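Biologist: Please pick one part of this model and take me through it closely, then show me how its surroundings fit together. I work at the bench, so plain words are welcome.

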Amino acid sequence: MADRDDIECWLTDMDGVLVHENAAIPGASEMLAGWEANGIPYLVLTNNSIFTARDLAARLRTSGLHVPEERIWTSALATADFLKQQVPGGSAFVIGEAGILTALHDAGFVMTETAPDFVVVGETRTYSFEAITRAIRLINAGARFIITNPDATGPSIDGPLPATGAVAALITKATGREPYVVGKPNPMMFRSALNKIGAHSKKTGMIGDRMDTDIVAGIEAGLHTVLVLTGISDQAEIEKYPFRPDEIVDSVADLMPAITGTIRTVES
């Protein structure tokens, strides 16, 4: 495994690493600016499939973080990339919102309720019993079952909301069919991200705040893993797992000297 000084490319999670409840985490802006100024290839990853990369870039801008949309890689984009490889020009019945629908359209897929190649379930705030019923019947008829991410719940100001994994469990119970999960912790999402920026796993670092998605997937993809404590993980959470990241730091601010050393030297 490479030392941090050997890392040439970076992948980073978004929520809990760069932003927290739409407020930029200290050090995130400087880290991103350093990557841009030094020409370091990077991608911001998220399991959220609701929004397009353009939407997320705009959201980050309101938090004071400038990330070009081509530097954002969502579970929706990874899913579309995977399905395009499986069945070029295929068809899908989709439960989801703009993120996954746009990604599949851009990948050349046709949306249909008639004998689709795939049933794709992504994140949405308005799950429809009618759409779930349709998905169950299409899977029973032979459509392949794909979900963008396994998260069972998502956050809201009023508390947890049922998310993709919870709806997938309902469909699995009704069909007896387990879905193929594209997003984290499937290392495939990281491999597709590496392909997008032409990176090699041995020279790439992954920064995340979750042991059960970011870190385990990073380890399985052969990346240098860095856990930050600005998200959901603390020492007690870390101890629950039989694996460990290569590094544990308080926040991305602690990574600044190595990542943007050139800029900091010039400024100082």
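Modeller: Happy to! Helices (H or I, at least four residues) and strands (E, at least two) are DSSP runs, numbered from the N terminus. This is a predicted model, in which local features need pLDDT of at least 70, side-chain atom pairs count only at pLDDT 80 or more, and totals for chains, interfaces and linings use all residues. Residues are numbered from 1 along each chain as its sequence is written, and side-chain values use heavy atoms, with hydrogens and water left out.

Let's look at helix α2, residues 53-62. Ala 53, Leu 56, Ala 57 and Leu 60 in α2 are buried (under 20% relative accessible area with a 1.4 Å probe, protein chains only; exposed is over 50%, partly exposed in between). Down the axis of α2, these buried residues fall within an arc of 105 degrees (taken from the directions from the axis to the C-beta atoms), so they line one face of the helix. On the other side of α2, Arg 54 and Thr 62 are exposed. After α2 comes Gly 64, with a positive phi near 90 degrees.

What lies over the buried residues of α2? The cover includes β2 (19-20), β4, β5 (72-74) and α3, counting contacts as heavy atoms within 4.5 Å.

From β4 we can step to β1. These two strands pair in the parallel sense over four bridges; strands pair if DSSP finds at least two bridges between them. Trp 10 has Tyr 42 in β4 as its bridge partner. Four bridges also join β1 to β13 (residues 204-208), again running parallel, and here Thr 12 stands opposite Ile 207.

Five of the five residues of β1 are buried. Cys 9, Leu 11 and Asp 13 are on one side, while Trp 10 and Thr 12 are on the other, so both faces are covered.

Leu 11 also belongs to the largest nonpolar core, a set of buried Ala, Val, Leu, Ile, Met, Phe, Trp, Tyr and Cys residues joined through side-chain atoms within 4.5 Å. Of its 32 residues, those touching the most other members are Leu 11, Leu 45, Leu 83, Leu 104, Phe 118, Val 120 and Phe 190. Among the elements giving two or more residues to this core are β1, β4 and α3. Apart from it lies another core, of 27 residues, including Ile 7, Leu 32, Val 44 and Met 256.
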